[in-house]
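Visitor: Please pick one part of this model for a close look, down to the backbone and the side chains. After that, I would like a connected account of how such local details sit within the chain as a whole.

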Amino acid sequence: MNNFLKQTVASLIGSLLGLFIFCGISTTGLLLLLFAIAASQDVSPVVKDKSVVVFDLSMNITDREPSAGEELQRTLSGNPEDRITLRKVLEAIEKAKQDPKIVGIYLDGTKTTGSNLGFASLKEIRKALEEFRAAGKKVVAYGQDWGKKEYYLSSVADTIALNPLGAIEVNGLSSQQMFLTGALQKFGIGVQVVRVGKFKGAVEPLILNKLSPENREQTQKLLDDVWSEWRTTVGTSRKINPQKLQAIADNQAIVEAPVAKTNGLVDKVAYHDQVVADLKQLTGSEQNDKTFRQVDLLEYSQVINKSSSAARESNNKIAVVYAEGEIVDGSGDDEQVGGDRFAKIFNKIRQDKNIKAVVLRINSPGGSATAAEVMQREVRLTHDIKPVVVSMGDVAASGGYWIASDSSRIFAEPNTITGSIGVFGILFNGQKLANDNGITWDVVKTARYADNQTVSRPKSPQELALYQRSVNRIYSLFLNKVSQGRKLPAQKVAEIAQGRIWSGVAAKQIGLVDEIGGLNAAVQYAAKKANLGNNWQLKEYPKENSLNEIFFGKAVEEASAKLKIQGQKIKASAPLTAEFQKLQQELETFQSMNDPNGIYARLPFNLKIE
């Protein structure tokens, strides 16, 4: 009911906003109405005795809160989306563990959308569910078609039920790279690259038509580590030998319901109404009731828990800064990590005497080397006067690792993708494309390299040497920062760098990570490091825009721009369409590459584990 009201109110806001714009109703009236709507929504849900928290596994879970521009965009589009932060999910599960009114959590896997999270974030949620179970409360999971991610999380449950026509995907992990080299050649677009690190595979899609041996080696090692953790974790919960899970992956891949029960992957094969009947019994509901006594996870996260860090009042603040997305030069947009914008955030945090410690949460494949350096400088200056603890999410690689290197402590999950200490530059030219269409250039210049930025021709060997010199300098700077920040010998850093990616567990073994753990572990360590005991309160960054900014500032322009292109984006509803979406993602990556020196510290393009 609460979600229905939210969607109705969201649609109402969109309609009323349009009415105000076109009819010229006063600004005061608009703001008063919006304040009234906001106040009506700010009501803590009522939780009945013996309730179950319903956790929809298809819900969109992100690190940071959506910005005002993003919220406005969804409201005006008439397509509001249930979205919750990872921290709120963890807090809700912890709150439910302590709440005498909550008897269990129901993991609802009936929707086939699939989780947007990586395995590292799922690992943290899974750990919270394990602690919930350890408190003597029940976790029930039900699904129809589980992918590897959904089953990885659901396997923690006391009882796992699968629809009779359902199946579980247990087929191992893969990562498929799309190569654009042939297409670029066909259209006459020339590509030259300068790089350091034999494992720096980010440029390979532009110059090769298959993985290099080095890139294949590092990708295979990463997949092996993540898959080993998957088998060990699932196997421990289900009391199945990891070797048996490997045999299932090699010989069955898609495990149908009856076979899943025979192999111990699920406890029962049942229809949804049968699972609901069991949940009615757990909650003490009457069998003639329409459903069991429940509260949605998103609604339950709004229930005030006075003992939680979110509700705690204190002058001692722990800042949590979310660096989620591509690292770009300048301010960047809502879904990017703008170097200048985040530098200002750290500068402000450093001068705020009430902020005693900082947790930098990184979920980024890297990007602009210049932006990473701007951020890292501010992180280091902040670290000089107060603890800065890093929490790595699903990925914290290359530029993402650059900004993490000089901190008090680095936390990562076993399946976090990290490392990729290397840099590269890409030089495009359209000489063949132009010439094939009757276009030519001529130039007059006063110095040998005056036109070295042109796209009308390939770079000469001498020009490439200049670019290589810049790349080598940035790479050396990167190595030195890791060496000093991690207190590792320069020679060792040089050996483990080379652009190679590592899993969190492997990164810990070689000294790139201090401790295996998630966001909550990093926050607790920061509180301990700052000697705060339990006298602290979280303060999150980037901050949301004010109402004035939402309706009269940049947010409206950004939302309007996004709405105009919304219909142009390709949606993955079929395998072939999904491949076109991958191509779109690759092209969007190029668009975000704005480093002023053309040098990047980034993960291999859109590495995706499936």
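Guide: Let us start at Gln498, which is found in the loop between helix H19 (490-496) and strand E20 (501-503); the model is a predicted one. The backbone is what draws attention to this residue, since phi of Gln498 is near 60°, a positive value in a residue other than glycine. The side of the loop that Gln498 occupies is neither fully covered nor fully open: Gln498 counts as partly exposed because its relative accessibility is 25%, between the limits of 20% and 50%. A second residue of this kind is Asn531, whose phi is near 55°, again a positive value in a residue that is not glycine. Asn531 is placed in the loop between helix H21 (519-529) and strand E22, and at 70% relative accessibility it counts as exposed.

Following the chain from that loop into E22 leads to another backbone feature. Tyr541 and Pro542 are joined by a cis peptide bond, with omega at about -5°, and Pro542 lies in the loop between E22 and helix H22 (547-552).

E22 also carries a long-range side-chain link. The side chains of Glu540 and Arg87 meet in a salt bridge, with 2.7 Å from N to O. This pair ties together distant parts of the chain, as Glu540 belongs to strand E22 (residues 537-541) and Arg87 to helix H4, 453 residues apart. The two partners differ in their surroundings: Glu540, at 22% relative accessibility, counts as partly exposed, whereas Arg87, at 9%, counts as buried because its value is under 20%.

The next residue of H4 to consider is Lys88, whose side chain meets that of Glu65 in a salt bridge of 2.7 Å, N to O. Here too the pair links distant parts of the chain, with Lys88 in helix H4 (residues 86-98) and Glu65 in the loop between strand E2 (60-62) and helix H3 (68-77), at a separation of 23 residues. Lys88 is partly exposed, with a relative accessible area of 30%, and Glu65 is likewise partly exposed, with a value of 26%.

H4 has a helical neighbour as well. The axes of H4 and helix H5 (residues 119-134) are 9 Å apart, and the two helices pack at an angle of about 10°. Since angles under 35 degrees count as roughly parallel, H4 is therefore roughly parallel to H5. In this contact, Leu86, Val89, Leu90, Ile93, Glu94, Ala96 and Lys97 of H4 meet Ser121, Glu124, Ile125, Ala128, Leu129, Glu131 and Phe132 of H5. By character, the residues of the contact of H4 with H5 divide into nine nonpolar, one polar and four charged.

Charged pairs recur elsewhere in the chain, where the count comes to 25 salt bridges. One of them joins the side chains of Arg457 and Asp451, with 3.1 Å from N to O, and Asp451, at 13% relative accessibility, counts as buried. Both residues belong to a network of salt bridges that links Lys445, Asp451, Arg457 and Glu463.

Aromatic side chains give a further kind of contact, and the count comes to seven aromatic pairs. In one of these, the rings of Trp227 and Trp230 have centres 4.9 Å apart and planes at 20°, so the pair is stacked. Trp227 and Trp230 both lie in helix H9 (residues 213-238), three residues apart, which is about one turn of the helix. Trp227 is buried, with a relative accessible area of 9%, and Trp230 is also buried, with a value of 1%. Ring pairs link these two with Trp146 and Tyr151 into a cluster.

For the chain as a whole, there are 24 helices and 23 strands, and 52% of the 610 residues count as buried. Among contacts with a separation of 6 or more, 74% are made by residues 24 or more positions apart. The bridge between Glu540 and Arg87 is one case of such a long span, with its partners 453 residues apart.

Key: Residues numbered from 1 in each chain as written. Predicted model: local features only at pLDDT ≥ 70, side-chain atom pairs only at ≥ 80, totals over all residues. Heavy atoms only, no water. Salt bridge = Lys/Arg side-chain N within 4 Å of Asp/Glu carboxyl O. Helix = DSSP H or I, 4+ residues; strand = E, 2+ residues; numbered from the N terminus. Buried < 20%, exposed > 50% of the residue type's maximum accessible area, 1.4 Å probe, protein only. Axes fitted to C-alpha atoms, helices over the stretch in contact; angles between N-to-C directions. Parallel < 35°, antiparallel > 145°, perpendicular 65-115°, else oblique. Contact = heavy atoms within 4.5 Å. Nonpolar A, V, L, I, M, F, W, Y, C, P; charged D, E, K, R; others polar. Phe/Tyr/Trp six-rings, centres within 6.5 Å; stacked < 30°, edge-to-face > 60°.
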